[in-house]
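Me: Please take a close look at the aromatic pairs in this structure. Give the geometry and the cut-offs used.

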Amino acid sequence: MTSSELWTRATADRYDAEESELFSAVVLGPTLDFLAELAGDGRALEFAIGTGRVGVPLRERGVRVTGIELSEHMTARLRSKVDEDTLPVTVGDMATTVVDGEFTLVYLVYNTITNLLTQDEQVECFRNAARHLAPGGRFVVELGVPPLRSLPPGQVAVPFDVSERHLGFDTFDLVEQVLVSHHLTRDGDDGRYRRDASRHRYAWPAELDLMARIAGLERERRVADWDGSPFTQDSAKHVSVWRRPA
């Protein structure tokens, strides 16, 4: 097992409701368009498929999707939506778990590569993607750009959500290149908040390009979002595509 923190049953049970905005057609539509075009008539493998937010509707579009997921609880939630024959999932980590066959597309969405807490494990994730790709196949990663420009000297925290029912902020260890994402969520109307926290290893776009080169992949494209908008120095995230040479 890698250093990824395991999702608990309680977290898995409330995941879809808490991330409901990400399930909207506005968010999912461009994501599915982007991935389906790259998959073509081939097979797609999703690392850290979770509850199937992307994998299930991509399968419904006719793409033959397979998943790898570390948390059995997240996999159980996915199983309530689709059966094993339609969308097979192997329980294991995305850095070392191998499934049968070749794929035209391997993809990893929503910052999930940062769940691997060491650089070595993130490199192994790229190598694992490469070993699953057919010649000419692509590896896609969606990842936020570390917001370190928001840190004035002496400050270690950056807020990312301040809303009526949720307060979210990240604290940064600049030496270890690790952030802790803190969430204070109000579940009911009694004024009490639930506190959660998770650790992540952030990485820069150029660092991912080097990981890809180590794995034998070549960068093909980098955009600011699934809609293909240009990636600039002000972009908050990127969607990057690397290709295995034919």
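Reply: The aromatic pairs are described below, followed by a short note on the chain around them.

This is a predicted model, in which local features need pLDDT of at least 70, side-chain atom pairs count only at pLDDT 80 or more, and totals for chains, interfaces and linings use all residues. Residues are numbered from 1 along each chain as its sequence is written, and side-chain values use heavy atoms, with hydrogens and water left out.

A search of the whole structure gives six aromatic pairs (rings of Phe, Tyr and Trp, the last by its six-membered ring, with centres within 6.5 Å; planes under 30 degrees apart are stacked, over 60 edge-to-face, the rest tilted). One of them is Phe-34 with Trp-226, edge-to-face at 5.2 Å centre to centre and 80° between the planes. This pair links distant parts of the chain: Phe-34 lies in helix H2 (residues 25-39), and Trp-226, 192 residues apart from it, in the loop between strand E10 (218-223) and strand E11 (237-243). Helices (H or I, at least four residues) and strands (E, at least two) are DSSP runs numbered from the N terminus. Both Phe-34 and Trp-226 are buried (under 20% relative accessible area, 1.4 Å probe, protein chains only).

Phe-126 and Phe-139 have ring centres 5.1 Å apart and planes at 85°, so this pair is edge-to-face. Phe-126 belongs to helix H5 (residues 119-132) and Phe-139 to strand E5 (residues 133-144), 13 residues apart. Phe-126 and Phe-139 are both buried. Together with Phe-47 and Trp-242, they form one aromatic cluster.

As for the surroundings, the chain has six helices and 11 strands, and 47% of its 246 residues count as buried.

Notes. Buried < 20%, exposed > 50% of the residue type's maximum accessible area, 1.4 Å probe, protein only.
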